[in-house]
Structure formats: structure tokens, C-alpha cells
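Biologist: Please take one part of this predicted model and walk me through it slowly, explaining each term as it comes up.

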Amino acid sequence: MATGDAFFDGFLDDYFAESEEHLSAAADALMRLDKSIGHPPAERAAVDDLFRYFHTLKAISAMVELRPAEELAHHLEHYLRAVREGECSVTTAGSDALIEGTRRLEHIINAHRAGSPLPPIEDVLARVAHLVGTSGERPAATSAPEDATETGRRWTCRFVPTRELLASGIGVDLVRKRLGEIGTIVEAAPHVLPDATISFQFTLITADGVNVVERLGGIPVSVEAETPPAEPGAAAAEPAPAGAPNAAISHVVRVDLARLDHLMQIVGDMVITRARLADSLSRAERHVPAAEWRAVQENALASDRQLRMLREGIMRVRMVPVGEIFRRMPLVVRDLARENGKRVKLELRGQATEIDKYLIERMMDPVLHLVRNAVSHGIEPPEVRIAHGKSPEGTITLSAAAVGDLVTLEVADDGYGVDEEAVVNKARQAGLSVPSGPLDAAAVLGLLCSPGFSTKEETDRASGRGVGMAVVKAMVEELTGTMTLDTDPGQGTRFILRLPVTLAITDALIGRVGAEAFAIPQGSVREVIEIVEADLRQVEENEIVPYRDGALPIIRLSRLFGIASTARTGRLHVFVLGHGSAAMGIAVDRIVGQREIVVRTLADSLVRVDGVSGATDLGDGRVVLILDPAVLARLTNQRARRVIPDAAAWGRLPA
Amino acid sequence: MVRASLQAIESAEFVEASTGLEAIEQLAVTRMQLIVLDLNMPDMHGIDVLRFVRRNAHYKSLPIVVLTTRGDETSRQTAKEAGATTYLTKPFAPQTLAQAVRDLLDAAVEASPRA
């Protein structure tokens, strides 16, 4: 939705970002509500949270004049208010209606963003109205009359605005915001004092033991505690200790990703400059007296360290908890399980694991796809599970963990497992080439992810959004990650996605072939080995060496890129990449060392070369090509299956 | 958007308020010649702001231009009764708003020729 008005567009962007946050938090609270129906304290907490989210959504939707969203949020809020006031209780039907309402709200907001027609809301409104039922339509005022069932303490807070206060940023909106963080504002009204001064009066309800004055932190608001009539003793409640709960105060600043990208780019340039400086220093060393040199060296080392810290600091800013992806999953699973007549429990692990914002945005759909697949294809219907001696309720586990520079995302289910034979048959039917003989997990995964494998499934609503396994794999590879499959027939299936924590700057191993240097992301290198050329066996078009218990196909970069090798006779250095049948070795003349590199993607299709993901600058001005392990792996596989019979196709040179 | 259409009026200073309470706060701390009030606000209904302002003897004659998306006669009547000087239904041309504001300001200067 571009209105052409920069101010308003910025405003809308804020609205979208903010509503997304509240919707996601609401989805979370809905799940809690769903589980806690009939368990008063937890249910109450979820209802309170939801009430707040819908209230905010209503308010911000009103600000951007998105009427249907405002109206829908208003009705959801209205229902929750009725629940809070004890007029009705939450039922499964109620929880369903709230879920549907939240989803419709999300659709409306997304449609508004895309500029497409808004979905209708009447059916949801009718559902919600039915829930509130005979209790009657109450006018929704911001100053809802409060009944005595509200627990906690009541406060009357008065604020008198002045020009001076406003100039220093203290205005009624700030007061309202602070009070809203301390407790629930049940009434806010302006008053005119006899001398024509205007004051604002807020009625606030807080948890017991909250010291409002202290929490206001110097904002001039007169605060009076109201004595709860029922228990006069409680009025003298001791003021809260200094360490009172302050979870409500938000210290979060929202920053446009583009600004962080810009900072990151500057740091990237600094990394290169620093490397150049190191180079110049080493040449200058012999001209500098030793004592002076030590000082230079110390400063150089300190700036190195600080630069690394700066880089890590900026990267940390870009990191968000994986929980952001996970949060929406429970709703998806719950719905899909109902639709498919299955019983599924979703377990989330490692939600606090942090990953780059850029990556998380791109992983949302792939993870969603894997989860949907797990529900619709992985988990068996309850009867089948019982027949196999399993619990009727299936479990899907979504977990994340950080291992060094990698983040592992796992989607596991305890269902059927992948039936290799069925996959092979289906692949043959789809006209895909299938390697003969028993397949390992990597080969099965390869088939599952082949474009054209899952055509039939795509029309199935469960697979959703047209993201097939092929797209999942493509996205993982684009993010320089890998995907593996681990399955046990009858026991379950586990998809493991390994992704770099962040892009842009990474540690890499540098190898040399002839005069050319190549960088390979360290995260994808499993092992570095040295082989004797005589051990290489020619099998069809592949060269392989014995490795562990099997054989490792070797790609010689000198041949791949047509560069004259200057290796010491008979010895090659090999980077081992990948797992199982996807494992391969990249042979270079020698390994130069490990460096921090700044990745610049070769986005220009004229410059793109298969197997090369980008270029970097080691600081001496020479360009180093960064190898793309995923594409190299695909090249070897294709070669193994003789999809590219023409060996000359390998000789394509980087431009 | 409202602000942009008012930019045409030279020699005027603007203060903005994004909520009803803020609008009232601005009224308290600034000497205003005119208010452009959008009935649609996040915290309270614009009509309530209007009524509050009019209840206050000091602001009985302050010109208030009310903006709203509702064009029906009842809404118009409600706004008039609450004290709207002029009532504009969205969408309107920017010039319409600017002209309405100019007219009201001119009228106010004629009524009390102070400076």
C-alpha cells in the first residue's frame, strides 16, 4: 500500500510492524488459552493478555483507518471484556472463534498491505456475537465501568500538563503509556479545574504491592491509592521493594533492517581495510625501530580485537530469537491436525536460539512447510497409531540449537517414517532418474526435493502456499545451509536444517590452485585431509578415494575451473564437505589458512558461475572466489548420475 | 495528510496531537485560534473531545473543523450539537479544508479585531 505520501507510508510501515508483533503475541496467548480453559489463573492471564493485544490492534487499526480490522478487533475485545467481567466463560467454541478472528485480522492486515480486496468479517462477527449471547450489547467506551471483581489495587492519578513539561517530552500520552505499563487503566478523562486549568485523571488498577509513584520515576503525577472497601487492612500495604517486577517496561527499539545492513557494510569495508593495513605494516616493519614497532603492533592488535567486537555487536543486534518462527506453528498444527482427524502435540525446544533476522524471514515458509508435511504426511491417524502400539497422540518436535557459527533447526515427528520404496516408485512415476541399489537417507532426500516429485501433493491444501520440498531445499541452499534427513520406518522422520547464524562476514578456509585462491565457508567444511594422487580411482566420470568406510568423490578445482595445477607431485589437499552420500571432497594444491572474509554475492547473472557463490577481497586487492558447497555437491551428484554427460561443460571458466 | 493540506495557509503555526488526550493537552498549553479535529482517534471518540472543549467556557467560541468519514445527516447533526463549527466529510480536496480554515480564521479576526 503506497500512498505516495512518505510520511503516511512510514506510518503504515510502523503499523504493519506493530500489528505483526501483536498478532504473533496474540497467537501465543491463544495457545495458552486453549490449554488452560477451566484452569482459572492461567486462563485469566491469557484472557488478560489477549484483551490487551486486541485493544491495541483496535487502536492502531483505527489510526490508519483500517475499519474492518478495527471493528473485528473491537468485537474480539468486547467478548474478552465480557469474559473478564464474568458475564460468560471461555469455551472451546469461544477459543475457536478467537482463533478464527485473529486469523481473519491477520488476513485483513495483509490484504491491506498488498492492496488487495479485504476479506469479509461478518461471519466471524456473528460467531463472536453469539458467544456474548444474551448478555446484551454493551457500549464499548474506553472508560468501561469497572466492577468490584477486579483484583489488585485501585489508584487515582492526576496529571496537569504544562508547556514546560511538554517541551521536555512529558505529556499526557507518555503518562498514559507509563501508567499502562504499570497496571491497567480503567478510566482516563480530562477535567477542567475552577481556574480553567486542564488536568487528566486516570483510574489505574495494579497488582498488589506495586508502588506506582516509584514506578513513574519522576514524572509529576499525583497519585492516590484508593482503599478497597472490603479489606481495609490491605490499604496499608507496604510499598513494593525496589526490585518490584518491572517486566512491563519495554526497552525495545525498532530499527529498520536497512540501517543495520548499512552499518554491517561499513564494518565489512573496515575488515578489508584492516587486512590491507596488516599487509602494509608487515612491509613497513623493517623500517621501524623495534621499540616503536612494538607500540604499533600493540595498537594494531587492539584495533583488530575491537573491530571483531564491533562486528559481533552489530551482528547481535540483527539476531532475533528463533521463537519468532515457532510462535505461529502451534496454531497451524492444531488446525491442520483437526482437519486431518489426527491428534498431534507440538513440542518447541530452543526457542531462545538466536539467528539473523534476514535468515529468519526466509526460513519462515520452509519451516512451515516441513511442519505441515509432518502433520499431514508424517503423523498417522490415531487408529493406525494404536494398532502399531503407539500413543494415539503423535508428537512433532520443533527445535533449534546453535552450534558454533551454525544454527540447527529440526522438524521431527514420531510418525510413519519415510517409506523408501514408495518414494522410489513415485519418483520413477514422475520420470525422475533414480539411482539403482539401496539408497541412503541423503539420496532419498534428494528425490523428495527434486522439482516435480510432489506435483500431486501441491494441490493438497495441507502442503500450502505452493512451497514444495524443492523450494525448501532451494531456500536452505541459497542461505548457504544444508538439509539432511534422518528417518526410521515406523519410528518417525527428522529433517535437520543447518544454517549459518549470519551471512555477510564469515570465517573461511582459503585454498590455492595454481595462482588462484578460493575461499570456502568454514562452517561447511567437515574435515581437511591430505590424499595421495595414486589413491584416486576413476569410476565412470568420477574420481574417488577410499574414505572412512566408503568412498569419497573428489572434485579437483584445477579441472573444474581449468587452472594449471602447481601441486607438489602426488599430493592433494582436500576439503571434505557434506554428509552421507552427499559427501564430497574439493581438492586444491595447498591450503593457505583461515581468514575472516566479507561475502559479496555475485548477483549479476552474467557473472554467475555454478559453484561460486560470491567474491571477496583478502586485503591485498586480489579477488578471491567463494565456493558454494551446495552447488558443488549438486554438480557431483549430477555427474554421478550422468545427467551431464558432457565433461566439457565443466570447463566453463569464471568470466 | 491534513497537515499537508493546511501547509498552504501561510503565517500559521501548527501543533499536532495524535490522540484525544493529547489534543486536550495541547489546548491547555497552547493558545489556539482554531482546531481541526478528526473524529477518528485511537483513545476517545472525537465527539467526546468536542464536547469537552465546548463545556469549557474559555473555548466556547473557538472554531473547530470536524473531519469524519461519516457523511450521514445524523452524524452531522450530532457533531453540530456537540459544537462543531464546520463539518467536512472525508475524502475531501485539500483546498476545501484549507479554504474552510481560512474562512473561519478571517471570520474570527473580524469578530474580535485585536491585531
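Modeller: Let us begin in chain B, where the axes of helix α3 (residues 46-55) and helix α4 (residues 73-82) come within 9 Å of each other and cross at roughly 25°. Axes are lines fitted to C-alpha atoms, for helices over the stretch in contact, with angles from 0 to 180 degrees between N-to-C directions, while helices (H or I, at least four residues) and strands (E, at least two) are DSSP runs numbered from the N terminus. The model is predicted, so local features need pLDDT of at least 70 and side-chain atom pairs pLDDT 80 or more, whereas totals for chains, interfaces and linings use all residues. Residues count from 1 along each chain as its sequence is written, and chains are lettered from A in the order in which they are written.

Because of their crossing angle, α3(B) and α4(B) are roughly parallel to each other (under 35 degrees). On one side of their contact (C-beta atoms, placed from the backbone, within 7 Å) stand Ile47(B), Leu50(B), Arg51(B) and Arg54(B) of α3(B), and these meet Thr78(B), Ala79(B) and Ala82(B) of α4(B). Sorted by class, the residues of this contact of α3(B) with α4(B) are four nonpolar, one polar and two charged; Asp, Glu, Lys and Arg count as charged, Ala, Val, Leu, Ile, Met, Phe, Trp, Tyr, Cys and Pro as nonpolar, and the others, Gly among them, as polar.

Chain B also has an open sheet, in which three strands follow the order β1-β2-β3 with parallel pairing (at least two DSSP bridges between two strands). Its edges are β1 (35-38) and β3 (86-89) of chain B, each of which pairs on one side only, and from one strand to the next the twist averages 20°. Looking at one of these pairings, strand β2 (residues 64-68) of chain B is joined to β3(B) by four bridges in the parallel sense, and Val65(B) has Thr86(B) in β3(B) as its bridge partner.

Finally, chain B touches chain A through a contact that takes 16 residues from chain B and 22 residues from chain A. On the side of chain A that touches chain B, at least two residues each come from α2 (40-63), α6 (163-167), α7 (172-182), β2 (184-192) and β3 (198-206) of chain A. Among these elements, α2(A) supplies the largest share, four residues, and by class this side of chain A has 14 nonpolar, three polar and five charged residues.

Technical notes
Two residues are in contact if their C-beta atoms, placed from the backbone, lie within 7 Å. Angles under 35 degrees count as roughly parallel, over 145 as roughly antiparallel, 65 to 115 as roughly perpendicular and the rest as oblique.
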